[in-house]
Amino acid sequence: MAIKAAFFDIDGTLVSFTTHQIPPSTIRAIEQAKEHGVKIFISTGRPVAIINNIDAIRHLIDGYITFNGARTFIGDEDITLMPIPEAEVRLMIADAKERDYAVVVCGRDDIGIYNHSKIYEDVFVKGLKVTNIDVHKPIEPMLDKPVLQLTPFFRVEEEATILPAMKHCISARWNPLFTDITVKGADKGSALLKLAAHIGLEPSECVAFGDGGNDMSILRAAGIGVAMGNANEEVQAAADYITTSVDEDGIRNAFIHFNIIEE
């Protein structure tokens, strides 16, 4: 069956961790796919407010999976909007206060950080070039509104201390220093299925690209799941095909391999 939609993670898939840019080969490959009628979707753990590194292809995008699936939308229409229960949001903030770790708090249109710290600066600002979060923004007003995602800065062994108490939540980790917490049922794979159904496509007509742990569900849900060459072994094992890395024309090479574009 012909591929009619392509879903792309951002960091480490579309955007190089080395250059912080979308490689020219990727831009051209997506332009060619679009010319052939393939719909283009973003699939990211990032909130909309910090999707700041895809301007080169933004005009080609048909819709977004954001917050790891907690919010999926096309234009002004929300297809999924899945907040975390308020009690569990407040439980994590209380735990962060007790154990002294930072948490990025994400509402639909709002974002802030509790307990701003050096690790946040090292990972988000220096590493991911996220520079537009107001670190002085009070968090308390955000807790009275729907929170779609929490991003605590702790390692996997520390995560085990709090996550069992957040019974309605799941963790999607793509970095050893932090994870993304969303409500159960909010993951990239489930979002792809809902979005595809919304636009009248079968999952078999979709290809998805990713490199992190939070991409595994979408790689499995899509008709073709493509892991980048820079993905770890666990992510690659979840994929149908392993392409080259983001810095080695990975998206272009996979598109050619599956006859989505010509060489």
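Colleague: Which residues is Lys194 in contact with, once its neighbours within four places in sequence are left aside?

Modeller: A contact list of this kind counts heavy atoms within 4.5 Å. In this predicted model, Lys194 is in contact with Ile79, Thr80, Met82 and Gly185, leaving aside its neighbours within four places in sequence. Lys194 itself is found in helix H6, which runs over residues 188-198, and Ile79, one of those partners, is 115 residues apart from Lys194 in sequence, although the two C-alpha atoms are 7.6 Å apart in space.

Colleague: Is Lys194 buried, partly exposed or exposed?

Modeller: The general idea is that buried means under 20% relative accessible area and exposed means over 50%, with partly exposed in between. Lys194 has a relative accessible area of 37%, and therefore counts as partly exposed.

Colleague: How is the protein chain divided into domains, and how many residues of each are in contact?

Modeller: Domain 1 is made of two stretches, 3-79 and 184-256, while domain 2 covers 84-181. The centres of the two domains, taken over C-alpha atoms, are separated by 24 Å, and 21 residues of domain 1 are in contact with 23 residues of domain 2. Between them the domains bury about 1700 Å², with 57% of that area on carbon and sulfur atoms. On the side of domain 1, Ile50, Phe67 and Lys184 supply 31% of the area buried against domain 2, which is more than any other three residues.

Colleague: How many salt bridges and how many residue pairs in polar contact does the rule find across the interface of domain 1 and domain 2?

Modeller: A salt bridge is taken as a side-chain nitrogen of Lys or Arg within 4 Å of a carboxyl oxygen of Asp or Glu. Across the interface of domain 1 and domain 2 the rule finds one salt bridge, and there are eight residue pairs in polar contact across that interface. The residues of domain 1 on the side that touches domain 2 divide into seven nonpolar, eight polar and six charged.

Colleague: What is the count of salt bridges by this rule, and which parts of the chain does the pair of Glu205 and Lys4 link?

Modeller: The count comes to 19 salt bridges. In one of them the side chains of Glu205 and Lys4 meet at 2.9 Å, N to O, and this pair links distant parts of the chain, with Glu205 in the loop between H6 and strand S11 (206-210) and Lys4 in the segment before strand S1 (5-8), 201 residues apart. Glu205 is buried, at a relative accessible area of 7%, whereas Lys4 is partly exposed, at 39%.

Colleague: How many residues apart are Glu31 and Arg28 in helix H1?

Modeller: Glu31 and Arg28 are three residues apart in helix H1 (residues 24-35), and so about one helical turn separates them. Their side chains meet in a salt bridge of 3.4 Å, N to O. Glu31 is partly exposed, with a relative accessible area of 25%, and Arg28 counts as partly exposed at 39%.

Colleague: Where in the chain are Asp62 and Lys34 placed?

Modeller: The side chains of Asp62 and Lys34 meet in a salt bridge of 2.6 Å, N to O. The pair links distant parts of the chain, since Asp62 is in the loop between strand S2 (39-43) and S3 while Lys34 is in helix H1, 28 residues apart. Salt bridges that share partners also join Arg71, Asp78, Arg108 and Asp109 into one network, and within it the side chains of Arg108 and Asp78 meet at 3.0 Å, N to O.

Colleague: Is Asn68 buried or exposed, and which side chain does a polar contact join to that of Asn68?

Modeller: A relative accessible area of 2% means that Asn68 is buried, and its place is in the loop between strand S3 (63-66) and strand S4 (71-74). A polar contact of 2.8 Å joins the side chains of Asn68 and Asn214. Not counting residues up to four places away in sequence, Asn68 touches several others, among them Thr44, Gln149, Asp180 and Lys188.

Colleague: Which residues does Thr13 touch?

Modeller: Thr13 lies in the loop between S1 and H1, and is buried, with a relative accessible area of 0%. Not counting residues up to four places away in sequence, Thr13 touches Phe209, Gly210, Asp211, Met228, Val246 and Ile251.

Conventions. Residues are numbered from 1 along each chain as its sequence is written. This is a predicted model: local features need pLDDT of at least 70, side-chain atom pairs count only at pLDDT 80 or more; totals for chains, interfaces and linings use all residues. Side-chain values use heavy atoms; hydrogens and water are left out. Domain bounds come from an automatic or database domain assignment. Buried area is the accessible area (1.4 Å probe) that two parts lose on being put together, summed over both. A polar contact is a pair of N or O atoms within 3.5 Å; within protein, one must be able to donate a hydrogen and the other to accept it, and residues adjacent in sequence count only if both atoms are side-chain atoms. Ala, Val, Leu, Ile, Met, Phe, Trp, Tyr, Cys and Pro count as nonpolar, Asp, Glu, Lys and Arg as charged, and the others, Gly among them, as polar. Helices (H or I, at least four residues) and strands (E, at least two) are DSSP runs, numbered from the N terminus. Buried means under 20% relative accessible area, exposed over 50%, partly exposed in between (1.4 Å probe, protein chains only).
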